[in-house]
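Let's walk through this one in two stops: the place where the ligand sits, and the place where two of the domains meet. Have the structure open as you read.

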Amino acid sequence: MNKRTLLLLLACTTVTVYAQKGKKSKVVIKPRTEFVTELMGKMTVDEKIAQLVQFTADGTVTGPKSGSNFINEIKKGNVGSILNATNVQYTRQIQEVNLANSRLKIPLLFGYDVIHGYRTIFPITLGETASWDLNIARIASEVAAAEAAASGVHWTFAPMVDISRDPRWGRVSEGAGEDTYLGSKMAFARVKGFQGNSLKDLNTILACTKHFAAYGAAEAGRDYNTVDMSERLLRETYLPPFKATVDAGVATFMTSFNEIAGVPSTGNKWLVNNILKGEWGFKGFVVTDYTGINEMIPHGYAKDEQHAGELALTAGVDMDMVGAVFLKYTKKNLEEGKVTQAEIDDACRRILEAKYDLGLFEDPYRYNDAKREKETIYKKEFLDAALNAANKSMVLLKNSNNVLPLKKEQKVAFVGPLVSDEYNIIGSWAATGDRNGYAVSVQEGINKFITDKSKVSFNKGVEIKDTKRDNIQAALKAAANADVIVAVMGEFENQTGEAASQVDINLPGIQKEFLAELKKLGKPVVLVLMNGRPLTLGWESENMDAILEAWFPGTMGGDAIAQTLYGVNNPSGKLPMTFPRSVGQVPIYYNHKNTGRPYLGASDPEQKYKSRYTDSDNSPLYEFGYGLSYTTFSYGNLKLSTQKLSPNGKLKVSVDVKNTGNFDGEEVVQLYVKDVVGSVTRPVRELKGFNKTLIKKGETKTIEFELSPDDLRFYNIDMKFVAEPGDFEVFVGGSSNADLKSTFELVK
Ligand code: NOJ
């Protein structure tokens, strides 16, 4: 035995002893490549394949029943990772079973959907994105990681970075909305938040970018449905947020359920091997979505499980979530020459490297400290951060006659199905967030805030979907005695999230009918909304005096809503997704193409032969980037540092933004660019920069952006990613309708 081998054996022995006893002494192991190479040198094919296998512990159910007994599989040494098991004790028990049965003492990796918080729940991702605040996104992910890591979780299946232009798709709640630029920035920030500076740190976890790719473009907004699109659209609009996470150093990726142009992502070599691992140089590992390999059979892409396993592994997939196909068929596929040893080794190596990065070989129980778990969960500073995020995510859609903010002297009737709700308020995919207890309802939030209880009353009136009318009269009576009515309404939390697509995106049940009754009382009516998708609010926007979009604001939601209604928080959120007038306009998004017959609206001299609806305006109800404040802002003095941008040059855009109202307030200043003529047509405008800034009452701030030719690139007629010389228009303002405009030319 040479010295090197002996040393390795000793190192492994130390790790083994540690693993069994969970001692606290520091174990020094070899550098990653060396360690993993030597470990793999000792592994049998079966042991390597086991690393590629993930089973669910079903602690949380996030997919169809698997029928597998995960503990038995662990005992047989068949498992590399477990999902849906949480808390230090339970994950420790499972790990103990694993280490007692793993010949080489290879620790399990525990994955879980930590989407917008683990215990302390932040606003749903779509809401958090409405903050347009990258710090908020990073901090929310940091807090989620700290709590999850303290609770035995090593790996989150987030961020979800699917661009979507279709509010029927329930999963829009989990993502950053419709825009590629905003979505990419948010995706980057979220990965940095989850993974921190080092995965070795005990408050960080592996992130997983999902769902690769174009899952948000499911036809007709129906979950899991087919996607077909040009490579140009895919690369320009849907892929950049994924690429942004690779740039942020994301550790893992998840393939999507959908097919793209006839090829399910789980078996898509072009997507996984060529683009992700090749072009982008992704070094982490790729997990399927839940039974994604098996689903290639009903897709009509694989003839049986063995074939599906071959397609997935050769496409570049490294880990099989729940489906057990890799476990059952990889060795057979190897023996029959359908997959190679190199493919198995590559997948195994990537997974072992992730375990190494987390420090699991040094101490497989380093995330299993009950004291740390207790001290970390629901920390005061985490709750404060969640409150701040909820405040920043509120979008004020309407505020006639400044009915908001409310005054403490006013008598206010709070009504509506979500007025005392602690369950829905934290939204879907809320991990282990406490739905009754820690979550602050609107009623609680208001009660903390208003000491004179004669000024407030709380009555549900109606339910979310149920059409019972028994409680309407009591609520109307209270409302009739008030100066202002606040109706807290919206959706059930599970109306959005996975498998929650809808054809109707109106306020559910008889909520609108109840609003009409309230309006008849002749008092100002404020509608506070909790929902996970853009809703169709045509009637509400005409008939309500004010509308506050609160999304599902999380654990501290009730406090945030109270603070916003009473003006302690001045709303500063902007919509990350277009709100249509009606579902018939979907898909609707701001960066559409112009067409050859663009409709100019009511003043268009040609009304018939135009790209328009005959029964609706083309325009959305509330456009992307829109959101009001209790103050007002005016924009002026738009300046470009040059009218001619050279290929290596930079262009500075500056604008003066004045707070012209009566409150200090934050504004999201947005920069849009239009490429006037291209070798392929370009969108009417595209977001290229934003800056959220506090502007004091009466103050004027000059906001600067910088553009370079790189920001103007797109896939030209030859599918080259280039900026084409020619004319550009620049728009700056407080929404995607920004009309302050200037022009420049990109010269050769
Ligand atoms: C299915 C979902 O599509 C995915 O987002 C999630 O991470 C997995 N199930 C695991 O729960």
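## Around the ligand

His211 is a good place to start: a side-chain N or O atom of His211 sits 2.7 Å from an oxygen atom of the ligand. Keep in mind that this is a predicted model, so every distance here is computed from predicted coordinates. Two acidic side chains also reach ligand oxygen. For Asp113, the distance from a side-chain N or O atom to an oxygen atom of the ligand is 2.4 Å, and for Asp289 a polar side-chain atom comes to 2.5 Å from a ligand oxygen. As for how much of the ligand is covered, the protein buries 100% of the 290 Å² that the ligand exposes when taken alone.

Zooming out a little, the ligand is surrounded by 13 residues, and the closest are Thr62, Asp113, Arg171, His211 and Asp289. Sorted by class, that shell comes to 6 nonpolar, 2 polar and 5 charged residues.

## How the chain is divided

The domain assignment splits the protein chain into domain 1 (207-338), domain 2 (392-584) and domain 3 (633-746). The pair to look at next is domain 1 and domain 3, whose centres, taken over C-alpha atoms, are 36 Å apart.

## Where domain 1 meets domain 3

How many residues of each domain take part in the contact? On the domain 1 side there are 4, and they touch 7 residues of domain 3. Together the two domains bury about 480 Å² between them, with carbon and sulfur atoms giving 55% of that area. On the domain 1 side, Arg232, Arg235 and Glu236 account for 93% of what that domain buries against domain 3, more than any other three residues.

Which side chains form a salt bridge here? Glu236 pairs with Arg682, N to O, at 3.2 Å. Across this interface, the rule finds 1 salt bridge, along with 4 residue pairs in polar contact. By class, the face that domain 1 turns to domain 3 holds 4 charged residues, with no nonpolar and no polar ones.

Technical notes. Residues numbered from 1 in each chain as written. Predicted model: local features only at pLDDT ≥ 70, side-chain atom pairs only at ≥ 80, totals over all residues. Heavy atoms only, no water. Domains from an automatic or database assignment. Contact = heavy atoms within 4.5 Å. Buried area = accessible area lost by both parts, 1.4 Å probe. Salt bridge = Lys/Arg side-chain N within 4 Å of Asp/Glu carboxyl O. Polar contact = N/O pair within 3.5 Å; in protein donor to acceptor, adjacent residues only side chain to side chain. Nonpolar A, V, L, I, M, F, W, Y, C, P; charged D, E, K, R; others polar. Near = heavy atom within 4 Å. Areas by Shrake-Rupley, 256 points an atom, 1.4 Å probe, with all protein chains shown as cover.
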